Amino acid sequence: MNKLVVATRNHGKLKEIEAFLAGVVGQVVSASDLAGFSDTIEDGFTFEDNALKKAREAMHFSGLPALADDSGLVVDCLNGQPGIFSARFAGVGSTDMENNNKLLVELNGFPEEQRQAYFVCSLAFVTPEGLEKTFSARIPGHILSEGRGDNGFGYDPLFLVDMYGRTMSELSIEEKNLISHRGQALKQFRKYLEESGLGQMQ
């Protein structure tokens with residue numbers, strides 16, 4: 001595939017996606033590169049709903065195959081919060097620090113053994129020819145009482161990956177791509193591109 005538009009303005013996320021699709025996609029462009037493209041109103045009830053809506057809108061606007069993800073953090077003891085509201089947990093336009101601080105406030109009083117959580121990613125791929133495919137994955141962990149590491153974004157500094165004993169922010173981008181929720185979904189997507197022939201660059 002020569003060109004793919006990714007419906008995100010998050011540079012950290014775009015960097016991960018570019019690294020994972022190297023060799024099967026010639027050029028990855030972001031929503032920031034589409035002059036006049038408005039942010040999608042994420043009003044779906046599930047991660048998949050939102051991912052599909054974002055991919056469809058980016059595809060229609062650009063005329064290019066589009067990829068979008070809706071990812072978030074689900075905390076069991078908070079009844080699934082922040083869930084689909086992860087990016088705006090502390091309010092519309094909130095920063096990563098504000099969202100992390102709100103999460104810590106909500107978890108105040110919960111011991112570590114009750115702070116089970118998981119990251120989930122739903123990935124949607126939509127083409128001008130009408131093809132629509134979705135991929136999903138999750139990774140389990142726990143929420144710490146303070147952040148560690150500086151390689152990630154979002155809730156990464158607070159999310160302790162059970163299998164590594166390190167936070168998402170303490171992992172290299174290569175390690176993160178191997179085990180993260182987005183990395184697992186992107187692995188499914190890359191395999192799909194390779195097996196379908198769509199990943200063959202001209």
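A residue is taken as buried when its relative accessible area is under 20%. In this predicted model, Ala124 has a relative accessibility of 0% and therefore counts as buried. Ala124 is found in strand S4. Its contacts beyond four places in sequence are Ala51, Leu52, Ala55, Ala66, Leu67, Ala68, Lys133 and Thr134. Leu158 lies 34 residues from Ala124 along the chain, and the two C-alpha atoms are 27 Å apart.

The chain as a whole holds 5 helices and 7 strands. Along the sequence these follow the pattern β-α-β-α-β-α-β-β-β-β-α-α. The radius of gyration is 17 Å, close to the 17 Å expected from the globule rule for 202 residues, so the chain is as compact as a globular protein of that length. Along the principal axes, the C-alpha atoms fill a box of roughly 55 × 30 × 25 Å. Of the 202 residues, 48% are buried. Contacts between residues at least 6 apart in sequence were also examined: 59% of them join residues at least 24 apart.

The 7 strands form an open sheet. Their order is S2-S1-S3-S4-S5-S6-S7, with mixed pairing. S2 and S7 (166-167) are the edge strands, and each pairs on one side only. Strands of a sheet pair through backbone hydrogen bonds, in either the parallel or the antiparallel sense.

Strand S4 spans residues 116-126 and is mostly covered, with 9 of its 11 residues buried. S4 pairs with S3 in the antiparallel sense, over 10 bridges. With S5 (residues 132-143), S4 again pairs in the antiparallel sense, here over 11 bridges. Cys121 marks a position along both pairings. Ser71 stands opposite Cys121 on one side, and Ala137 of S5 stands opposite Cys121 on the other strand pairing. Further along S4, Phe125 has Lys133 in S5 as its bridge partner. S4 and S5 form a hairpin with 5 residues between them. Gly130, in the turn, has a positive phi of about 100°.

The cysteines were considered next. A disulfide is a covalent bond between the sulfur atoms of two cysteines. The count in this model comes to 0 disulfides. Cys121 has a relative accessibility of 0% and so counts as buried. Cys77, by contrast, has a relative accessible area of 22% and is therefore partly exposed.

Helix H1 covers residues 11-21, and its buried residues are Lys13, Leu14, Glu16, Ile17, Phe20 and Leu21. These residues lie on the same side of H1 because they cover an arc of only 160° around the axis. An α-helix has 3.6 residues a turn, so residues three or four places apart point the same way. The face of H1 turned away from the buried side carries the exposed residues His11 and Lys15. The buried residues of H1 are covered by elements that include three strands of the sheet, S1 (3-6), S2 (27-30) and S3 (66-75). Helices H4 (173-179) and H5 (181-196) are also part of this cover. Just after H1, Gly23 takes a positive phi of about 100°.

Thr167 lies in strand S7, one of the edge strands. Thr167 nevertheless counts as buried, because its relative accessibility is 0%. The side chain of Thr167 reaches the backbone oxygen of Arg148 at 2.7 Å. Arg148 is also among the residues that Thr167 touches beyond four places in sequence. The others are Leu144, Asp156, Pro157, Phe159, Leu160 and Val161.

Definitions and conventions
Residues are numbered from 1 along each chain as its sequence is written. This is a predicted model: local features need pLDDT of at least 70, side-chain atom pairs count only at pLDDT 80 or more; totals for chains, interfaces and linings use all residues. Side-chain values use heavy atoms; hydrogens and water are left out. Buried means under 20% relative accessible area, exposed over 50%, partly exposed in between (1.4 Å probe, protein chains only). Helices (H or I, at least four residues) and strands (E, at least two) are DSSP runs, numbered from the N terminus. The arc is that of the directions from the helix axis to the C-beta atoms. Contact means heavy atoms within 4.5 Å. Two strands pair if DSSP finds at least two bridges between them. A polar contact is a pair of N or O atoms within 3.5 Å; within protein, one must be able to donate a hydrogen and the other to accept it, and residues adjacent in sequence count only if both atoms are side-chain atoms. A disulfide is a pair of cysteine sulfur atoms within 2.5 Å. The radius of gyration is taken over C-alpha atoms; the globule rule is 2.2 Å times the number of residues to the power 0.38.
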